[in-house]
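Q: I've got a protein structure open on my screen and I'm not sure how to read it. Could we go through some features together?

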Amino acid sequence: MKIDINSDMGEGFGPYTIADDAALMAHISSANVACGYHAGDPVIMDRTIRLAKEHGVDLGAHVSFPDRMGFGRRRIDMDLPELEAHVLYQLGALDGLARRAGHRITHMNPHGALGNLASADPATAEALARATLAFDPEIAFCVLPGSALESAAQAEGGRCVRLFLADRAYLANGQLAPRGTPGAVIHDAEQVVERVLRVIKDQQIETLDGPAIPMPVQSILVHSDTEGAVDLATRLQHGITAQGGTITPLSQQA
């Protein structure tokens, strides 16, 4: 059983930081790096890429709507060709810095409102898949199982890795429960770890508004800005290996 532990990283700006990326990097196998649209800047991106390279961690592009003030959690309506251009711009920025560091982009994970929209809306998912695979057909997509993005990426010949968000509740339609919904975010670390290990074992998840649904998972996402994220990632690391699993980067998933 190969399981990836990944985290969203580089989400500061200038002198401001919201997570201990350096400490967390030792306990994950893949990193999704903010590309300057919802957070991050060239210096932070460069530093985070080098940390990932140093720790043997896969490098992913955490692309977003251009919404730094709202941390990428607000939907921005735009024409699909415009959206594709914004995605390509972010991939290019991360790739330019990665090349100098001797690293490469292995996957793409859309952030916040863009990720939610791409999971539910086929047209947005298709635009995201087209832009990403035009940039590099080898880049894998981090997707919610059964989502529009999974279908769109596979239709374009892309490779998908099914993602489970450790501290987020799900709805019966397979989408994430909106953050404002009671119970949408799980704060108790012990509960989060128990839930993740149960999902890995049973390949299903209980939902907030209905019955349990299938949840085949290859990668576990730990939000770096969650309080106690380093401790949570460490617990997950130990729990997965105790169950016989191997922590494996996305690029090495079968």
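A: Sure, let's start with one residue. Arg162 has a relative accessible area of 29%, so it counts as partly exposed. Bear in mind that this is a predicted model.

Q: Where does Arg162 lie, and which residues does it touch?

A: Arg162 lies in strand S6, which covers residues 160-165. Leaving out residues up to four places away in sequence, it touches Val143, Pro145, Glu150, Pro216, Val217, Gln218 and Ser219. You can also compare places in sequence with places in space: Arg162 and Gln191 are 29 residues apart along the chain, and their C-alpha atoms are separated by 21 Å.

Q: Now a helix. What span should helix H8 have, and what do its end C-alpha atoms show?

A: First the general idea: an α-helix has 3.6 residues a turn, so residues three or four places apart point the same way. Now the case here. Helix H8 has 14 residues (229-242), and at 1.5 Å a residue they should span 20 Å. The end C-alpha atoms of H8 are 20 Å apart, which agrees.

Q: Which residues of H8 are buried, and what do they pack against?

A: The buried ones are Ala229, Leu232, Ala233, Thr234, Leu236, Gln237, Gly239 and Ile240. They pack against strand S1 (2-9), helix H1 (21-24), helix H7 (189-202), strand S9 (219-223) and strand S10 (246-247). Look just after H8 as well: Gly244 takes a positive phi of about 95 degrees there.

Q: Which residues other than glycine have a positive phi?

A: The general idea comes first: most residues other than glycine have a negative phi. Two cases to look at here are Phe71, with phi near 55 degrees, and Gln203, with a positive phi of about 60 degrees. Phe71 is in the loop between strand S3 (58-62) and H3, while Gln203 is in the loop between H7 and strand S7 (204-205).

Q: Are Phe71 and Gln203 buried or partly exposed?

A: The cut-off for buried is under 20% relative accessible area. Phe71 has 17% relative accessibility, so it counts as buried. Gln203, at 32%, counts as partly exposed.

Q: How do I read the pocket, and what is the volume of the largest one?

A: Rolling a probe the size of a water molecule over the atoms shows where empty space is left. Here the largest pocket has a volume of about 510 Å³. Its lining has 29 residues, and Gly112, Asn116, Leu165, Arg168 and Leu176 lie nearest its centre. The elements giving two or more residues to that lining are helix H4 (112-120), strand S5 (140-143), S6 and S9. H4 gives the most, with five residues. Sorted by class, the lining has 13 nonpolar, 10 polar and six charged residues.

Q: Which residues of H4 are buried?

A: In H4, Ala113, Leu114, Gly115, Leu117, Ala118 and Ser119 are buried. The buried residues of H4 pack against H3, H5 and helix H6 (148-155).

Q: How many residues does the largest nonpolar core have?

A: It has 40 residues, and those with the most contacts inside it are Met25, Ile28, Phe164, Val196, Ile220 and Leu236. S1, helix H2 (42-55), S5, S6, H7, S9 and H8 each give two or more residues to this core. H7 supplies the largest share, six residues. Try clicking on Val196: leaving aside neighbours within four places in sequence, Val196 is in contact with Phe164, Ala166, Ile220 and Leu236. Apart from this core lies another, of 36 residues, including Met45, Ile49, Ala131 and Phe141.

Q: Last one: what does Asp95 touch, and is it buried or exposed?

A: Asp95 is in helix H3 (residues 80-101), and at 15% relative accessibility it counts as buried. Not counting residues up to four places away in sequence, Asp95 touches Ile105 and Phe135. Phe135 is in helix H5 (residues 122-135), and at 27% relative accessibility Phe135 counts as partly exposed. With neighbours within four places left aside, Phe135 is in contact with Leu88, Leu91, Gly92, Asp95 and Ile105. For a pair with a longer gap in the chain, try Phe135 and Arg74, 61 residues apart in sequence and 25 Å apart in space, C-alpha to C-alpha.

Key. Residues are numbered from 1 along each chain as its sequence is written. This is a predicted model: local features need pLDDT of at least 70, side-chain atom pairs count only at pLDDT 80 or more; totals for chains, interfaces and linings use all residues. Side-chain values use heavy atoms; hydrogens and water are left out. Helices (H or I, at least four residues) and strands (E, at least two) are DSSP runs, numbered from the N terminus. Buried means under 20% relative accessible area, exposed over 50%, partly exposed in between (1.4 Å probe, protein chains only). Contact means heavy atoms within 4.5 Å. The expected span of a helix is 1.5 Å times one less than its number of residues. On a 1 Å grid over the protein atoms alone, a cavity is a set of points where a 1.4 Å probe fits but cannot get out, and a pocket is an open set with protein on both sides within 12 Å along at least five of seven lines; lining residues have an atom within 4 Å of a point. Grid points are joined across faces, edges and corners, and a volume is the space filled by probe spheres set on the points. Ala, Val, Leu, Ile, Met, Phe, Trp, Tyr, Cys and Pro count as nonpolar, Asp, Glu, Lys and Arg as charged, and the others, Gly among them, as polar. A nonpolar core is a set of buried Ala, Val, Leu, Ile, Met, Phe, Trp, Tyr and Cys residues joined through side-chain atoms within 4.5 Å.
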